[in-house]
Amino acid sequence: MPTFLSHLLDLILPPRCAGCGRTGAVLCAACLGAMRARPFARPPAPGGPPECWAAAVYEGAARRAILAYKERGRTALRPALAACLLAAIRAAGPPAAPFLLVPVPSARGALRRRGHDPVAGLAALAARGLRGRGRAAACAPVLGHRRRVRDQAGLSAPERARNVAGAFQVAPAAAGRLRGRTAVLVDDVATTGATLAEAAAALRAAGAEVPLAVVVAAPRRHL
C-alpha cells in the first residue's frame, strides 16, 4: 500500500495495533511493552559486525509491526519503533562521548517501492529522543551504496553476504568529518550480521570508531 494512502487511513479509521490487531492504537501498550522489555545482544566478532543489541526477537508482534512500518507504509509506527531502539541503546550502555547514529541505507529500489526511508526515519527520531535525555547524539545518514544491491529480504545467508560485500561507502562530503568520531549503526532487523559488518567496515575505513549497533529486532538464533 502506498505510504500516503496508509497514512491517510491511519488518520481516518480507528487505528489498529500492528502487533495484535486490537483497535485503539497503532501499536498497543501491551505489544510495545513486550517489544522493549528484554533487549539482548550478540558480542562483536573480529573483522565482523560490532556488538549488536536488539530490543526484541523478530517474531510475532515485533515482526508484524516492522513489516507494517517498512513494507506497508504505516509510518505512524515510527515513534513506537524508535522507542524500541532507545530501549536497546539503554541496555547496551551508549558511548560516553558524543556519538552519531548512522542508519544502514536501504537499496535504492526498496526506497522507491516503499516511498520512505524506514531506517533513517527511526535513527533521526531516536537521536532526538537521546538529546531529550541529555545525551550528545546526532543522526548522520552518511552511508550510501557504491554499487547496486538487492533487498536482503528472502536471501540465504551466503547470498546476503555476497549481496553486500564491499557495497557501502561513506559519502565523500562526510568522510573528513568522521575521523575520530564514534558511530553507532542503526538498522531495523539484523539476521546474519553481514550488512552490519560491511557498513561498519565502510565507517572504519573513514576513520570512525564503531563500537555498537542497535536494531529493533533480530532472530534470537542470530544474536
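Let me start with the nonpolar cores of this predicted model, the largest of which has 41 residues, and those with the most contacts inside it are Leu 27, Met 35, Leu 81, Leu 101, Val 214 and Val 216. If you ask which elements give two or more residues to this core, they are helix H2, which spans 29-35, then E2, helix H3, which spans 60-71, and H4, E3, H6, E7 and E8. Of these, H4 gives the most, with eight residues. Leu 81, which I have just named among the residues with the most contacts inside the core, touches Met 35, Ala 65, Ile 66, Tyr 69, Leu 122 and Val 216, if we leave out residues up to four places away in sequence. There is also a second, separate core of 28 residues, and this one includes Cys 52, Ala 140, Ala 200 and Ala 208.

Now to the sheet. It is an open sheet of six strands with mixed pairing, and the order is E1-E2-E8-E7-E3-E4. At its edges we find strand E1, residues 40-42, and strand E4, residues 137-139, each of which pairs on one side only, and the twist from one strand to the next averages 25°. Within the sheet, strand E3, residues 99-103, and strand E7, residues 182-189, run parallel and are joined by five bridges, with Val 102 standing opposite Leu 185 in E7.

Which helices should we look at against these strands? Helix H4, residues 78-92, packs on the sheet, where it touches strand E2 (51-57), E3, E7 and strand E8 (209-218), and its direction makes about 135° with that of E8. Helix H6, residues 118-132, lies across E3, E4, E7 and E8, and runs at about 160° to E4.

Let me stay with helix H4 for one more residue, Ala 82, which lies in it. Is Ala 82 buried or exposed? Its relative accessible area is 3%, and because buried means under 20%, Ala 82 counts as buried. Ala 82 touches Leu 122, Leu 125 and Ala 126, again not counting residues up to four places away in sequence. For Leu 125 in particular, the C-alpha atoms of the two residues are separated by 6.2 Å, although Ala 82 and Leu 125 are 43 residues apart along the chain.

My last residue is His 116, which is found in the loop between helix H5, residues 108-114, and H6. At 11% relative accessibility, His 116 also falls under the 20% limit, so this histidine counts as buried. What does its side chain reach? The side chain of His 116 reaches the backbone oxygen of Tyr 69, at 3.1 Å.

Terms used. Residues numbered from 1 in each chain as written. Predicted model: local features only at pLDDT ≥ 70, side-chain atom pairs only at ≥ 80, totals over all residues. Heavy atoms only, no water. Pairing = 2+ DSSP bridges. Helix = DSSP H or I, 4+ residues; strand = E, 2+ residues; numbered from the N terminus. Axes fitted to C-alpha atoms, helices over the stretch in contact; angles between N-to-C directions. Contact = heavy atoms within 4.5 Å. Core = buried A, V, L, I, M, F, W, Y, C linked by side-chain atoms within 4.5 Å. Buried < 20%, exposed > 50% of the residue type's maximum accessible area, 1.4 Å probe, protein only. Polar contact = N/O pair within 3.5 Å; in protein donor to acceptor, adjacent residues only side chain to side chain.
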